[in-house]
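I set out to record, entry by entry, what I looked up in this model. The entries cover helix packing, charged pairs and a few individual residues.

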Amino acid sequence: MRVREILTEARTHSGVQASSKKQLLDQVAQLAAASCDTLKEQEVFDALVAREKLGSTGIGEGIAIPHCRLGHCQQPVGLLLKLDTPIDFDAVDGRPVDLVFVLLVPQENPEQHLKTLSHLATLFNDDDYRSELRGSQDNHAFYQTAVESEAELRLAS
């Protein structure tokens with residue numbers, strides 16, 4: 001599943017302020033509920049926190065991909081955030097996180113969840129993709145980079 005299929009410009013946020021992982025996940029839950037009528041803020045927050053308790057979704061290189069399956073989620077939903085100041089996310093490489101892609105998927109489709117996670121992890125492993133995202137100056141450019149970069153197009157083909 002390509003990024004453009006799950007991410008909208010309205011769910012792309014540059015310049016996010018957060019001082020901790022918990023505060024960031026709380027903001028994510030608010031943004032998700034505000035952008036999708038079927039999502040409940042508390043359910044999203046609780047599910048993301050529960051997933052983080054299983055192990056950090058900080059995959060290294062300043063990237064985190066918090067994800068969970070939800071009962072009230074009708075289709076996969078992505079949110080992309082660039083933090084003003086990197087935060088500790090207990091990432092595998094110990095580096096603080098400044099780029100976050102949140103993936104929320106329907107409860108009943110674990111296979112799609114895993115395939116999409118794999119796609120995102122591969123994409124964010126690309127040095128150029130990360131650099132382009134970090135260089136984006138506003139929400140619009142951030143979104144355009146996320147969905148139209150060479151790395152995304154190569155991976156989708």
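The entries below are in the order in which I looked things up.

**Entry 1. Basis.** I note at the start that the model is predicted.

**Entry 2. Helix packing.** I looked up the pair α2 and α3, which span residues 21-35 and 41-54 respectively. Their axes lie 8 Å apart and make an angle of about 140°. I recorded the crossing as right-handed. On the α2 side, the contact residues are Lys21, Lys22, Leu25, Asp26, Val28, Ala29, Gln30, Ala32 and Ala33. On the α3 side I listed Glu41, Val44, Phe45, Leu48, Val49 and Glu52. By class, this contact has 9 nonpolar, 1 polar and 5 charged residues.

**Entry 3. Salt bridges around Lys21.** How many salt bridges does the structure hold? I found 6. I then followed Lys21, whose side chain meets that of Glu52 in a salt bridge, at 3.0 Å from N to O. Because Glu52 belongs to helix α3 and Lys21 to helix α2, the pair ties together parts that are 31 residues apart in sequence. Is Glu52 buried or exposed? Glu52 is buried, as its relative accessible area is 9%. Lys21 also counts as buried, at 14% relative accessibility.

Lys21 forms a salt bridge with Asp90 as well, and here the closest N and O atoms are 3.5 Å apart. Asp90 sits in the loop between β5 and β6 and Lys21 in helix α2, so this pair ties together parts 69 residues apart in sequence.

**Entry 4. Asp90.** I looked at the backbone of Asp90 next. Its loop runs between β5 (77-87) and β6 (97-106). Phi is positive there, about 55°, although Asp90 is not a glycine. For context, most residues other than glycine have a negative phi. Asp90 counts as exposed because its relative accessible area is 52%, where the cut-off for exposed is over 50%.

**Entry 5. Glu61 and Arg130.** Glu61 gave a second positive phi in a residue other than glycine, near 60°. I placed Glu61 in the loop between β2 (58-60) and β3 (63-64). At 35% relative accessibility, Glu61 counts as partly exposed. Which residue forms a salt bridge with Glu61, the closest N and O atoms being 3.5 Å apart? I identified Arg130 as the partner. Arg130 lies in helix α5 (residues 127-135) and Glu61 in the loop between β2 and β3, so the pair ties together parts that are 69 residues apart in sequence. Arg130 is buried, with 5% relative accessible area. I also noted that salt bridges with shared partners join Glu61, Arg95, Asp127 and Arg130 into one network.

**Entry 6. Arg11.** I checked Arg11, in the loop between α1 (3-6) and β1 (12-16). Arg11 is buried but has no salt bridge. Where is the nearest side chain of opposite charge? It belongs to Asp37, 10 Å away. Beyond residues up to four places away in sequence, Arg11 touches Ile6, Ser35, Val77, Gly78, Leu79 and Leu80.

**Entry 7. Arg69.** My last look-up was Arg69, in strand β4 (residues 67-70). Arg69 counts as partly exposed, at 32% relative accessibility. Arg69 and Gln107 are 38 residues apart in sequence, yet their C-alpha atoms are 4.7 Å apart. With neighbours within four places in sequence set aside, Arg69 is in contact with Val105, Pro106, Gln107, Pro110 and His113.

Note on methods:
Residues numbered from 1 in each chain as written. Predicted model: local features only at pLDDT ≥ 70, side-chain atom pairs only at ≥ 80, totals over all residues. Heavy atoms only, no water. Helix = DSSP H or I, 4+ residues; strand = E, 2+ residues; numbered from the N terminus. Buried < 20%, exposed > 50% of the residue type's maximum accessible area, 1.4 Å probe, protein only. Lys, Arg positive; Asp, Glu negative; His and termini not counted. Salt bridge = Lys/Arg side-chain N within 4 Å of Asp/Glu carboxyl O. Contact = heavy atoms within 4.5 Å. Axes fitted to C-alpha atoms, helices over the stretch in contact; angles between N-to-C directions. Left-handed = near helix turned anticlockwise from the far one by under 90°. Nonpolar A, V, L, I, M, F, W, Y, C, P; charged D, E, K, R; others polar.
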